[in-house]
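Please go through this protein and report on its charged pairs, its strands and its nonpolar cores. Keep the report short.

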Amino acid sequence: MAVTINGQISYTLTPINFTGSNAVETFYEHRSNYLKSVNEKNIFQITWDATNLTEGVEASSENGTSNKGDVIYIKFQVQTTMDVNNPDYKTIAEITKSRDIVSKHYSTGAFAYNHRFTIDISDVLSNELTYSLCPIGKGTWQSNNYGGMNGGRIMPDTVLSNSASSAGNAVSDFNVSKNGTFRVVRVKAVPYIINSNGEILEASNTKMSNKYVVINSVNQVELNSVYYSISSLNSNFTIFATASGTNNKFLTRCTNFTASTTTIPYKKPVRLDDAAEYLNFYLYSASSASINAGGGSFETNEVAAMGIKVETFESDGSVENTFYVRDFEDNLTTAVSAATSKKILKDTQQQVQTQNISPYFLNNTAPTSDNPALGLKTGAINTASGAFPYWQDYSSDKITSSTSYYRVSLVKIGNQTPFNEKRHSEFRYFSIDREDEKAAYGFVRFHWLNSMGATDSYTAKRNITEGLTISRGVIERNSTDTTWYQNDTINGTTIDTAKIPTRVYVSDTMRGGDIYKGGREVLNVNAEKTQSVYTEPLNRDDANWLKGMMLSPNVWIEMDTNATKMGNTMNPYLRPSTKEYIPVIITNSEVETTNEEVGLVTFNIEYVLSHKVITQRN
């Protein structure tokens, strides 16, 4: 027989709440945003409501039967997954919580009604999230479940085959770890009661929370009134079905954005040889409200394709080329259209996506001759004309010698004629930096884990310096007897080496006189390669954005080495570029972002390679 509780339980506080919840009147906007920071409190509270029960009354076996009773504690099961459409929730922690400390009325001293059980799971979730880099030169990471080059725990390389009967398989299921960029989270509350026999039993009255997504981001109190709020007062970092959200943000705080089709903001400089300029975004819904209105037999929200729309401009603002990149689309879940019985993008996605929009990738790697016009990359959608009119097939450079700048935005395409297009994001602007690279020194391109839990990039080009910082571990040994030297005579007669075998000298070490060692000796040498570079002059907004690199725990520079070249030769699909992310540690102890007297400021970025210089031991 099922064990139940006296009264009922419900969630009264969760990180995500909606209209009608207990938090509607308590908190601004009742926190109905789906995207949360793992570095802020993620609070869950269960309230047990039993008739006339106050916090001053203890749970008692006297109130129960053999299979029913008062709640004495709640077991919270923290569950996460990477794919809400193929839910494989894993319980990563179980937190058993007895009731909260008793609360009394501020004036009368009366006890509050009901018992409450409250936990914060942010520390548990923070162990699940780090970062996920997309390999330089790739359009997107291989899968959303496993991400790119993520910061999760290092898996052993001892298992080279996923089959006991064979060897040498290219991929092992044992040496990969989950993506470090995001997690879908839910919490199951399981009550435990005390029955009339004094037994502690698990009850069947469980409660599952709403699911939401956490990312490894940070919120600055002075900058964000409500973190990731959907309010018009704040930027929205969630891509929904409503296309009215053209303010929807990519996961970066760089200032090169606008929601306007006419206003042109700061344009972030990128170089023609840049192969890694990534935009990350949180896609909650792949649908688009009424996108098929007026087209076909059904007015639906169904979307056939999605991509980053790229528009290039000449210096006078004239539109040059328009094309789309949609590598990330391979990571989206598909479904079958109820209207056309053809493949579409499934409505709910709840995934963080990434897309390369660097100049080198757009010109050299983005699809050209394979004609992506045939619909979803995961499966062609046949139309009357045989192709969507939106996917041009370029056989030449998309960014040309005449291109001054380009802008990108996220668009969705309906699945019925006339294949309406709707923009679902802000615009991001990029200018082409054509300054010649200094042959002797080169430029330094940085990537870092930004405050939105994604990656940002910047190229510094001024006054590059390199050097070494060296420290030595010194010990002191006893010196040899320096008063003795072995003579080369016997009783004053020089040894005739023609008659005396050379083996008399067992080795080149002499008896005495071996003063080449002893005294103080260097036991080990520790060395770090130190480097510094200056930025371009920065206005206040750009300086505030770039200071995020100084605050980031994970920073990389691009380097072209013999090892990275070998990686590109061995597997150009896995490593399309001869450059690789090399971790560095920023050593600046302070940075000036505003100086009214001098106007524009520059950063002197000082850093050391995380991989130390390898030296010998004594």
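## Salt bridges

Across the whole structure, a search finds 24 salt bridges. The model is predicted, not experimental. One salt bridge joins the side chains of lysine 97 and aspartate 100, at 2.8 Å from N to O. Aspartate 100 is buried because its relative accessible area, 19%, falls under the 20% cut-off. Another bridge links arginine 326 to glutamate 329, with the closest N and O atoms 3.0 Å apart. Both arginine 326 and glutamate 329 are buried.

Arginine 462 and glutamate 435 also meet through their side chains, at 3.0 Å from N to O. Arginine 462 sits in strand S28, and glutamate 435 sits in the loop between strand S25 (427-433) and S26, so this pair ties together parts that are 27 residues apart in sequence. Arginine 462 is partly exposed, at 26% relative accessible area. Glutamate 435 is partly exposed too, at 29%. The network that includes this pair is built from salt bridges with shared partners: Arg271, Asp273, Asp433, Glu435, Lys461, Arg462 and Glu536.

## The chain as a whole

The chain has 618 residues, and 47% of them are buried. It contains 4 helices and 34 strands. Among contacts with a separation of 6 or more, 73% are between residues 24 or more positions apart. The accessible surface comes to about 31100 Å², and carbon and sulfur atoms account for 49% of that surface.

## Two nonpolar cores

In soluble globular proteins, nonpolar side chains tend to be buried together. The largest nonpolar core here holds 45 residues. The members that touch the most others are Ile46, Trp48, Phe76, Ile121, Leu125 and Tyr212. Several strands give two or more residues to this core, including S2 (8-13), S4 (43-49), S5 (68-81) and S7 (115-120). Strands S10 (182-194), S13 (212-215) and S17 (278-285) do so as well. S10 gives the largest share, 6 residues.

Which residues does tryptophan 48 touch, not counting those up to four places away in sequence? They are Ile5, Asn6, Gln8, Ile9, Leu53, Asp70, Val71, Asn114, His115 and Phe117. A second, separate core has 26 residues, among them Ile239, Ile357, Phe361 and Val408.

## A three-strand open sheet

Three strands form an open sheet in the order S14-S17-S22, with mixed pairing. Strands S14 (238-239) and S22 (348-356) are the edges, and each pairs on one side only. S14 pairs with S17 in the parallel sense over 2 bridges. Within this part of the model, isoleucine 239 stands opposite leucine 283 in S17.

## Strand S26 and its partners

Strand S26 spans residues 444-449, and 6 of its 6 residues are buried. In a regular strand the side chains alternate between the two faces of the sheet. On one side of S26, Val444, Phe446 and Trp448 are buried. On the other side, Arg445, His447 and Leu449 are buried as well.

S26 has an antiparallel pairing with strand S27 (residues 455-460) over 6 bridges. Leucine 449 has threonine 455 in S27 as its bridge partner. The hairpin of S26 and S27 has 5 residues between the strands, and there glycine 453 takes a positive phi near 80 degrees. S26 also pairs with strand S32 (residues 555-560), again in the antiparallel sense, over 3 bridges. Histidine 447 has tryptophan 556 in S32 as its bridge partner.

## A buried glutamine and a surface patch

Is glutamine 531, which lies in strand S31 (residues 519-534), buried or exposed? Glutamine 531 is buried because its relative accessible area is 11%, under the 20% cut-off. Its contacts beyond four places in sequence are Thr465, Glu466, Ile557, Ile605, Glu606, Tyr607 and Leu609. Glutamate 606 is 75 residues away along the chain, yet the C-alpha atoms of glutamine 531 and glutamate 606 are separated by 5.9 Å.

A nonpolar patch lies on the surface, formed by Leu468, Ile470 and Val613. Together these residues have about 250 Å² of accessible area. Leucine 468 belongs to strand S28 (residues 462-477). Leucine 468 counts as exposed because its relative accessible area is 52%, over the 50% cut-off.

Technical notes: Residues numbered from 1 in each chain as written. Predicted model: local features only at pLDDT ≥ 70, side-chain atom pairs only at ≥ 80, totals over all residues. Heavy atoms only, no water. Core = buried A, V, L, I, M, F, W, Y, C linked by side-chain atoms within 4.5 Å. Buried < 20%, exposed > 50% of the residue type's maximum accessible area, 1.4 Å probe, protein only. Contact = heavy atoms within 4.5 Å. Patch = residues over 30% accessible without salt bridge, like charges linked within 9 Å, V, L, I, M, F, W, Y side chains within 5 Å. Areas by Shrake-Rupley, 256 points an atom, 1.4 Å probe, with all protein chains shown as cover. Salt bridge = Lys/Arg side-chain N within 4 Å of Asp/Glu carboxyl O. Pairing = 2+ DSSP bridges.
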